[in-house]
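Visitor: I should like a close look at a single part of this model. Please take me through one pairing of strands and the contacts made there.

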Amino acid sequence: MSDTALSPVNRWLFPGWVIFAVANTAAMFALPGQETIPFHFVYISIALVYGFQPWPLRKTYAILGLVAATTGVALAWHVKNGVIGWEETAEIPLMAVLFLVMVWHVRRRVAAIREAQRLADSEHEMREMQKRFVRFASHELRTPVTVGRGFAELIRDAQPGSQAAQDAVVVLEEFDNLERIAARLLTLARMDETATVKPSVVPLNALLERTVTRWRPAADRDWRLRPTLAVVLADRQRIETALDSLVENAVRYTEEGGRVALAAYAEDESVVIEVRDDGPGIPDEELPYVFESFHSGPSRGGTGIGLAIVKTIMEAHGGGAAFRLRFPVQDPPSPAAAGQGEPRHQGVAVTA
């Protein structure tokens, strides 16, 4: 530990200890027959100072050797004068060994703290690198996708009905996938950068109807919607993003004609938004990783971004990381106020 890292109080620890140790060593010479108390004060004080201010090993051995020598001379002086017996001097090596054991434990603790700090710094750097990559990738993907889409549309429109036009349609679909991935990356980067929630009154029935209306043309599924009168106070854009991520998962893991059902209902003291499908579900071995960014198990496919976005959005609203995520509720207003769009609940829970 360098001197520059020490606080003003710690800077005085070692000089203060030196003065205290010299005073107690002098007391050992001056107080024949009562040398035991100042002797132990010297070793107790050196242990306390080392606990706050671990020294390099060479300095530690030098200081311990000096302490053992001076206290040993004091005890030997009293032995020579017949005040104490030689057996009293056995405390010198015993106290030195006890101090060295303490030094070993302190150094292990310091090493463990440094390793924990190194790992924390490494993890922080990895997260920063991931954020930079996400922002860069989402930005850089946009230009080539836009240019490629323009040329593909020209080919499709120039030769309608031809094989080239059909191939262009496939290319355009892949560009749609790339645009969706770029948008997801940008959303994830923004969610990591800020957790600020801008709450507003969100009628859940309108939110669910809008979601189904947008997804129905893009996915041939048996869409089902259960009407609800629930109104929540939440960040509309983020909740819609989270809901889209869950719906996209449901679409990915169901076949054409498969059932995807959206509902919102009161449960206990919360309101739950639920997305259900008749797909195969997620294997048990993949459940611990479903909310990790960019993790996609062999049975899941996709980019591994969707549920990470859901997790980040719900945590920004005060929820946790589970498939069923809840918000605290507030006292429900009167029916008249609810009809005017006043919030009935402070948040929304999502179940996949």
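**A hairpin and a side chain within it**

Guide: In this predicted model, strand β4 (residues 259-267) pairs with β5 in the antiparallel sense, over 8 bridges. Within this pairing, Ala261 lies opposite Arg276 of β5. The two strands form a hairpin, with 2 residues between them. Asp268 belongs to the turn, and its phi is positive, at about 55°.

Strand β5 itself covers residues 270-277 and is mostly covered, since 6 of its 8 residues are buried. As background, side chains in a regular strand alternate between the two faces of the sheet.

Glu274 deserves particular attention. This residue is found in strand β5. Glu274 counts as buried because its relative accessibility is 9%, and the cut-off for that class is under 20%. The side chain of Glu274 takes part in polar contacts with two side chains, which may be taken in turn. One partner is the side chain of Tyr265, at 2.9 Å. Another is the side chain of Arg276, at 2.6 Å. Arg276 thus appears twice in this account: as the residue of β5 that Ala261 stands opposite, and as a polar partner of the Glu274 side chain.

To draw the part together: the hairpin joins β4 and β5 through a turn that contains Asp268, the strands are held in antiparallel register by 8 bridges, and the buried Glu274 makes side-chain polar contacts with Tyr265 and with Arg276.

Conventions: Residues numbered from 1 in each chain as written. Predicted model: local features only at pLDDT ≥ 70, side-chain atom pairs only at ≥ 80, totals over all residues. Heavy atoms only, no water. Buried < 20%, exposed > 50% of the residue type's maximum accessible area, 1.4 Å probe, protein only. Helix = DSSP H or I, 4+ residues; strand = E, 2+ residues; numbered from the N terminus. Pairing = 2+ DSSP bridges. Polar contact = N/O pair within 3.5 Å; in protein donor to acceptor, adjacent residues only side chain to side chain.
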